[in-house]
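User: I would like to go through the reasoning behind some of the labels used for this model, one label at a time.

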Amino acid sequence: MNERTLWPDDAAETLPGEGDSNAEDTFGEERRMRVVITGATGTVGGKVARLLAPNHDVRSLTRDPARAARDGVAGHIVGADLGDPATLRHAMEGADALLLVTFDPLSPTHDANALAAARAGGVRHVVKLSAAAVSDPLAQDRITCWQRATEEQVTASGMTWTLLRPRSFMSNALGWAGGVRKEGVVRALYGSSRNCCVDPQDVARAAARSLVGRGQAGRIHALTGQQALSAREQTDQLGAALQLPLRYEELTLDQALRGWRDQLGEPLARALLAGAERQAAGAKEQVTDGVRKATGRPPGTFSAWATRHAAAFR
């Protein structure tokens, strides 16, 4: 089953083809800051660490420091577990800013643990990676309700904050890589429905600027790409990037649920289905100017992302 995740999933380790060059980016060299990054081995956290490490003191938190070191995670690697408050206290001590990325809706204490440690350690500013769905009152699935609750914890923490609300990541298409390599096939549910997905590199740039830039307190950035695309359209653009003829195949509802259930369990499978149904109803097509406002540059396109990551599909 090569089905992609339908919400911004930063829990995955850095995937093949995700090592983008950041040479053109500089972030806040005029004042060196101490920044803590949770999710440092994930899709966005690892990118933020690489962006900031040349000019700032970055503490990259991970449950597996040895693996993070082997994977080349940037910054000072610190062993810490969001489920264990004792491991977070030293990591937060004396830091200026925190990138808060949490992964598991079934572990609701992780954000509270990190925020308590950050407050005790003197952290002044928190950047929270959330999701675009929280602004939609019709989105009442378990994942979105969890994200809303974590945002409320951040805004009530007593520290200044910035909220990042991305649409689904373009890198979710890497979930199709196995099917593309073996069969030249992309399989998804509701393949004609459109999502204005965002390049994770744009999310990382927004996070980096929100962490070390001035005037970020109280800002909410809704982050999308330039154009809403369907899975069928993404298949065509991916095929063009690979210079290969790719075929799209529609998953049945039962097939999609079975794949999600096998990976994530019943509660999250149902949440993903609810998100897919909202997408099919047109809820995820809106284009925003959040990337430009947050980073000063236009958002990347899926075609450009696919070209950069073509090696992962070959």
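Analyst: Let us begin with the cysteines, bearing in mind that this is a predicted model. Cys145 has a relative accessible area of 31%, and because buried means under 20% and exposed over 50%, Cys145 is called partly exposed.

User: What makes Cys196 buried or exposed, by the same cut-off?

Analyst: Cys196 has a relative accessible area of 0%, and since buried means under 20%, Cys196 is called buried.

User: How do you know that the sulfur of Cys196 is too far from the closest cysteine sulfur for a bond?

Analyst: The closest cysteine sulfur to that of Cys196 belongs to Cys197 and lies 7.1 Å away, whereas a disulfide requires two cysteine sulfur atoms within 2.5 Å, so this pair does not qualify. For the structure as a whole, the number of disulfides is zero.

User: Why is Val58 called buried, and what does Val58 touch?

Analyst: The relative accessible area of Val58 is 4%, which falls under the 20% cut-off, so the residue counts as buried. Val58 is part of strand 2, residues 57-62, and, leaving aside residues up to four places away in sequence, touches Val35, Ile37, Ala49, Leu52, Ala53, Gly75 and His76.

User: Which strands stand at the edges of the sheet, and why are they called edges?

Analyst: The open sheet has seven strands in the order 3-2-1-4-5-6-9, paired in parallel. Strand 3 (76-79) and strand 9 (219-223) each have a single partner strand, so that one side of each is left without a neighbour in the sheet, and this places them at the edges. On average, neighbouring strands are turned by 20° against each other, direction ignored.

User: What makes strand 4 and strand 5 a pair?

Analyst: Two strands pair if there are at least two bridges between them; strand 4 (residues 97-100) and strand 5 (residues 125-129) have four, in the parallel sense, so the criterion is met. Within this pairing, Leu100 stands opposite Lys128 of strand 5.

User: How do helix 3 and helix 4 pack, and which residues make the contact?

Analyst: Helix 3 (residues 85-92) and helix 4 (residues 110-121) pack at an angle of about 35° with axes 8 Å apart, and the crossing is right-handed. Helix 3 contributes Pro85, Leu88, Arg89 and Met92, while helix 4 contributes Asn113, Ala114, Ala117, Ala118 and Gly121. By class, six residues of this contact are nonpolar, two polar and one charged.

Technical notes. Residues numbered from 1 in each chain as written. Predicted model: local features only at pLDDT ≥ 70, side-chain atom pairs only at ≥ 80, totals over all residues. Heavy atoms only, no water. Buried < 20%, exposed > 50% of the residue type's maximum accessible area, 1.4 Å probe, protein only. Helix = DSSP H or I, 4+ residues; strand = E, 2+ residues; numbered from the N terminus. Contact = heavy atoms within 4.5 Å. Axes fitted to C-alpha atoms, helices over the stretch in contact; angles between N-to-C directions. Left-handed = near helix turned anticlockwise from the far one by under 90°. Nonpolar A, V, L, I, M, F, W, Y, C, P; charged D, E, K, R; others polar.
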